[in-house]
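Let's take a walk through this structure together. We'll begin where the chains meet and then look at a few spots inside.

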Amino acid sequence: MSWRSLSPLTVVLGGLLVFLLIEFRLNFLERGMGAYLDYHNPERPRLAKFVQQETRNIEARQKLETLLDQRAHRAEPREPAPAAVAPSEFVELEGGQKLVMTRARFLDAYQKLEQTPRALPPSSEWDAALRHDRWGKTILTRGGWFRKNRLFFVDDQNKVLSEVSLSTEQFALLRAYGAADLSQIDRPHIQVYPPQTFFAALRTLPEPIRDQAMNRETLSDVEDRAIRVGVSDASADGLIQVIVETFGDDQLDYTSITLSEETMQALLQALGGVSR
Amino acid sequence: MTASLLRRLFYAVGGLLVLAGIGLLVLFFTIIPTIPQLPDRLDEIFGQPTEVYGIGPSGEPVLVATFGGRMRVPLDQMADEFKHALLAVEDDRFYEHHGVNKLATVRALISNLRSRDLVGQGASTITQQLARNLFFSFEKRWKRKLREMLASFQIETRFSKDEILSAYCNHIYFGANAYGIESAAQTYFGKHASELLLGEAALLAGLPQAPSVYDPYKNMPLALERRRVVLDRMAVNGYITPEQARQVADEPVVLKGTAVGPARGPYFIDYVRHVMIERYGVDLVDYGGLKIYTTMDIRLQEAAQEAVKEKLAELDEAVGDSVFQTISLEQKKNALQAALVAIETKTGAVRAIVGGRDFAVSEYNRAVQSNRHPGSGFKPVIYLAAVDRLGYMPNTVVVDEPVSFPTGDGEAVWEPQNFSRDHQGEVILKKALMRSLNVISAKLIDELTPPAVVDYARRLGITSKLPPLLSLALGTAGVSPLEIAAAYAVFATEGIYRPPFVIARVEDSRGRVLEETKGQSKRVVSEQSAYLVLDMMRGAVEGGTAFTVRQLGFDRPCAGKTGTTSDSKDAWFNGFTPTLATSVWVGYDDARPLKRIKGREMTGAAGAIPIWVEFMKRATEQESKRDFPVPLGIEFLTVNSKTGAAATPADTVAALRVAVRGATPVTQ
């Protein structure tokens, strides 16, 4: 039987079958339609929801970049670490009749007290008390007509380990130093001199230079009340800062003077020649 | 005759085929313009989600939620078990077809013709489902199906098989508000898509067909049946052995999360979202691809959720309410509620928030949005003002007696009553707070003046509206648990107020920092004043209205104050240890009284303390016990609780140890 004897219907059906088999195997119809659709993809409209979504994405990105840019250029410094608010180391009770200080705060105040010769404590009595290693805090009680000012070195349960008496000035100075977190004078790069040393050196300077350093009015005003004098290192522009710490009415006060390079040299020479 | 007939038939069939071809071509070209343009990349359609992190057990960030977008993971970060399960159940010829499974389609068509429903049964491939999800509605119309089919052809031409599978897995809906496999894995099992085990993967792979029907939270038996089908299909396709399928099908399913919202701290996350939107706007939050590192401690958050859930169930029983799990949604909306906020005292970081008993029932966040009267929970503010401004001390003697105050409204007077309706006469201040005497609070506020008390409340960070009235003494101005917890933290931190915060850091997807919070702090009262009130609140726990704390076995150093409003509409307990300040509120949303079955009113001690104790026990179990630091200038006396004088041996019952301002040197 030749192929000519096959009816056209058989041929067509056979062809259709072959077509379908190849299509099932190769998916060329889907591929063709897919390719056609993909070729014409740009011509079709985008879904509104995608357009909206893309707009929102872009806006979000732009806003983010703006915020990051603002943060990068913000003048203010980075937010500080959580402020570690230290517990108080000095407390006044009963309207200032009683002072309580931690060991660290007291030693700090005592160190300053040592630099003020006129309030210097009697060393033997104090040294023994300070050497005691179990005291955790101090209690200072203000005296009255018949009672002396007392300084108690106590443990955490307020048990007295040793005690010394205090002069009125010592009490007042310890109160002032204990209450102040950081005085202007107790900073790095400031050399502390006893007032007598500083003012003696000042007086050795020729009068015009001395007057230039500190006018007479200021000098007479602060000299009597001065308890410590701080002299800073020279700054980059050659200036030096002199801070005179004065004490009156139970208050610390500070007078600050800036000296020129010339005066500074003369004063430093004079200070160098006077024993501290 | 036969040849003629065949010829006619040939022409008829041929003509029909030609007509059908022309028809199909017309249809094809008619429908093409209605098919939307395809994007260049399938995965980027929905933008990058914002990721929200909590703090894990070792301090590591743990993803707890996402906002907006779709959480995308590449194919290689999906467990193979999941991919196999999905392919087996949804489209086992995925890698062979070009968008349409013709055999399956013909089968479905025949079935539909038989049932005279042209669009009834579907045979959608993964590509078709993706096309439907991305571009078309779920409407069952033949035109939509045709468009979906054509779009599938183009998707198959434009993208690789892996790109299509990846897009499908990342976009498909798995129920419980989880889009994409990563989100689903997190929502149902609290793990990454890469960590899914066979049983979990099979359960998830069965969900996309009908997420609400197979939702394991709502219908576990159906979900398990569906999982069995998935496992069988996996075995048929050779991914697993039939033995494995049987074995895993019998394993129980352990779900990690909740039905709606993030598994961990839905109310916490919701509040974070609220704060973020307020700061940055919704677009940046949902589509900015940010990373938000929250202050949520996952261990504490879970402990808080558990404590609220367990103890509310007990309270339901005590007040005669039905078991929560068994009641209808409408009934659940009226059920007893609770809120809890826990704040780390040394930083102000909020570690846990529970804003209600079920986020799926009510998204109203009672921990931060509510404004309920704190009752006696407000008294520590008044006592603080009295100590700080008037110099009162815990051993100061006050008189508990009938009092009346003019209200400024003609003849009307206000006569505050104690909860017990009786009076104690002379009593020291600490005892007054321990017993929560309303008369003493009213007298104190009268002496201080209401504006002065409001000033102290503001110092403690309470920002809610506080009318400057004498009735503030009884806590008659609404506050949120978040405010009150932050206020109480001041007592634990020696007078330092630290504003509560929930967001520690925000970064963009490239790690650039958008904001970073390390907490702020401000001294608002002296350490001594804060400690004196702390000592009085400690008395409330050791032998006052909050003694339940000790009865329930919480033995760490702590202090706190109960609060119960009139008719027991609100039951509070606000308490703190040196490290954690926690506020708990219990009540009904509609302010119904909290009454036991026998009709007795329920106090803060009975309502809120059990939750507080349960949470605090778990929250502090890993901490060493340490006491509150005693500031300088505080000493302790044992005094007669009526006279305030130093206690004598005869005062055994009336003796009370109190903290006072002082430093008396004791000579050995």
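How many residues does the contact take from chain B and from chain A? Chain B puts in 66 residues, and chain A puts in 60 residues. One thing to keep in mind while you look around: this is a predicted model.

**Where chain B meets chain A**

The size of an interface is often given as the accessible area lost when the parts come together. For chain B and chain A, that comes to about 5600 Å² buried between them, with carbon and sulfur atoms giving 61% of it. On the chain B side, Gln37(B), Lys102(B) and Leu632(B) lose the most area to chain A, and together they account for 14% of what that side buries.

There's plenty of polar pairing here too: 24 residue pairs are in polar contact between chain B and chain A (both residues at pLDDT 80 or more). Which parts of chain B do the touching? The elements that give two or more residues to that side are helix H1 (2-31), helix H3 (102-114), helix H4 (126-135), helix H5 (142-158), helix H12 (282-287), strand S12 (513-516) and helix H20 (527-543) of chain B. H1(B) gives the most, with six residues. Sorted by class, the residues on that side of chain B divide into 31 nonpolar, 18 polar and 17 charged.

**Salt bridges, between chains and within one**

Over all chains, the salt bridges come to 50. Five of these salt bridges run between chain B and chain A. Here are a few to look up, including one that stays inside chain B.

| Residue pair | Closest N to O distance |
|---|---|
| Arg158(B) and Asp38(A) | 2.7 Å |
| Lys102(B) and Glu23(A) | 3.1 Å |
| Lys102(B) and Glu30(A) | 2.4 Å |
| Arg233(B) and Asp92(B) | 2.8 Å |

Lys102(B) turns up in two of those rows, with Glu23(A) as one partner and Glu30(A) as another. The bridge to Glu23(A) joins two chains, because Lys102(B) lies in helix H3 of chain B while Glu23(A) lies in helix H1 (residues 8-26) of chain A. The bridge to Glu30(A) also joins two chains, since Glu30(A) belongs to helix H2 (residues 28-39) of chain A and Lys102(B) to helix H3 of chain B.

Are these three residues buried or exposed? Lys102(B) is buried, because its relative accessible area is 16%, under the 20% cut-off. Glu23(A) counts as buried at 4%, and Glu30(A) is buried as well, at 3%.

The pair inside chain B has another setting. Arg233(B) lies in helix H9 (residues 220-236) and Asp92(B) in the loop between helix H2 (80-90) and H3 of chain B, so this bridge ties together parts that are 141 residues apart in sequence. Arg233(B) counts as partly exposed, at 29% relative accessibility, and so does Asp92(B), at 34%.

Over in chain A, there is a network of salt bridges that links Asp108(A), Lys112(A), Asp186(A), Arg228(A) and Glu245(A).

**The domains of chain B**

Chain B is divided into domain 1 (3-34), domain 2 (42-69 + 266-374 + 546-626) and domain 3 (70-249). Between domain 1 of chain B and domain 3 of chain B, the contact takes four residues from each. Their centres, taken over C-alpha atoms, are 36 Å apart. About 410 Å² is buried between these two domains, and carbon and sulfur atoms give 88% of that. Leu27(B), Ile31(B) and Thr34(B) supply 83% of the area that domain 1 of chain B buries against domain 3 of chain B, more than any other three residues.

How many salt bridges cross between these two domains? The count is zero. Residue pairs in polar contact (both at pLDDT 80 or more) also number zero. On the domain 1 side, the touching residues are three nonpolar, one polar and no charged.

**Two spots inside chain B**

Phe573(B) sits in strand S15 (residues 570-576) of chain B. Phe573(B) is buried, with a relative accessible area of 0%. Leaving aside its neighbours within four places in sequence, Phe573(B) has contacts that include Val541(B), Val549(B), Ile609(B) and Trp612(B).

Next is helix H18 (residues 450-459) of chain B, where the buried residues are Pro450(B), Ala452(B), Val453(B), Val454(B), Tyr456(B) and Ala457(B). Their cover includes helix H15 (379-390) and helix H17 (438-448) of chain B. After H18(B) comes Gly461(B), with a positive phi near 90°.

Notes:
Residues are numbered from 1 along each chain as its sequence is written. Chains are lettered from A and ligands numbered from 1 in the order in which they are written. This is a predicted model: local features need pLDDT of at least 70, side-chain atom pairs count only at pLDDT 80 or more; totals for chains, interfaces and linings use all residues. Side-chain values use heavy atoms; hydrogens and water are left out. Domain bounds come from an automatic or database domain assignment. Contact means heavy atoms within 4.5 Å. Buried area is the accessible area (1.4 Å probe) that two parts lose on being put together, summed over both. A salt bridge is a side-chain nitrogen of Lys or Arg within 4 Å of a carboxyl oxygen of Asp or Glu. A polar contact is a pair of N or O atoms within 3.5 Å; within protein, one must be able to donate a hydrogen and the other to accept it, and residues adjacent in sequence count only if both atoms are side-chain atoms. Ala, Val, Leu, Ile, Met, Phe, Trp, Tyr, Cys and Pro count as nonpolar, Asp, Glu, Lys and Arg as charged, and the others, Gly among them, as polar. Helices (H or I, at least four residues) and strands (E, at least two) are DSSP runs, numbered from the N terminus. Buried means under 20% relative accessible area, exposed over 50%, partly exposed in between (1.4 Å probe, protein chains only).
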